[in-house]
Amino acid sequence: TLIALAVPSAAQAATPGVNLAGAPTPDRITEAIDAGAKSVRIFALWNAFEPNHRNQYPSNDVNLLNISNTFDAAIKQLNAAGIEPVFVVTEAPAWSNGSSDVAVPPTDPNDFGDFLKRFAAHNKTVGKVAGYEVWNEPDEDAFWHPGPDPVKYTAMLKAAYAGIKAGDPGAAVVAGPTTGNNYGWLDSLYAAGAAGSFDVVAVH
């Protein structure tokens with residue numbers, strides 16, 4: 001799906017981008033490049049990287065290493081084409097939220113921030129990442145259970161910002177995309193103290 005994905009640039013202008021469905025395999029990355037994308041948005045599922053316990057990533061486990069290698073290869077392939085990916089990091093593992101529901105946020109937002117620190121730091125050794133999107137549509141019932149909570153999201157956003165900036169100071173921290181122009185949600189984030197904890201706001 002072609003989208004207009006706004007990421008920081010010298011001209012601060014939107015660029016044509018692709019929202020990648022599924023794992024960032026070489027074939028899918030090639031399709032995005034061939035489509036003329038200048039930015040590629042890729043889902044990075046926290047529960048896939050750290051399914052069993054905190055500090056599991058990076059791992060030498062064969063299955064988890066395959067996931068990590070897939071993302072490493074995607075960064076390199078995109079960078080070679082002059083593209084920097086945006087990773088949207090979402091879906092909490094059961095150990096972090098006490099639930100089998102990946103849309104329930106972590107009990108301790110610092111667990112999320114710590115993962116992002118390690119994820120961003122590793123990716124920085126691989127290549128250039130434009131930014132990290134903190135969750136997907138946290139203002140929507142479908143993606144944040146049991147329902148949107150600006151106070152809990154702000155706490156997670158703050159932890160994510162600290163982690164990402166520690167891991168890769170040059171990467172943008174993107175506040176999770178709103179469903180439509182949800183100004184009320186943004187107001188509630190500022191009321192909860194989110195100012196200074198993101199560089200960009202995404203909008204769907």
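**Exercise 1.** Where is the place of P58?

*Solution.* Start with the model: it is predicted, local features need pLDDT of at least 70, side-chain atom pairs count only at pLDDT 80 or more, and totals for chains, interfaces and linings use all residues. Residues are numbered from 1 along each chain as its sequence is written, and side-chain values use heavy atoms, with hydrogens and water left out. Next, find the helices (DSSP runs of H or I, at least four residues, numbered from the N terminus). Take α2 (46-49) and α3 (62-80). P58 sits in the loop between them. Now check the bond from Y57 to P58: this peptide bond is cis. Its omega is near -5 degrees.

**Exercise 2.** Describe N55.

*Solution.* Go back to the loop between α2 and α3, where N55 lies. Read phi: N55 has a positive value of about 65 degrees. Yet N55 is not a glycine. Then check accessibility. N55 is partly exposed (between 20% and 50% relative accessible area, 1.4 Å probe, protein chains only), because its relative accessibility is 48%.

**Exercise 3.** Locate P146 and describe the bond before it.

*Solution.* Find the strand β5 (131-134) and the helix α6 (150-167). Strands are DSSP runs of E, at least two residues, also numbered from the N terminus. P146 is in the loop between β5 and α6. The peptide bond from H145 to P146 is cis, with omega near 5 degrees.

**Exercise 4.** Is E137 buried or exposed?

*Solution.* Place E137 in the loop between β5 and α6. Its phi is positive, near 45 degrees, and E137 is a residue other than glycine. Apply the cut-offs: buried means under 20% relative accessible area, exposed over 50%. E137 has 12%, so E137 is buried.
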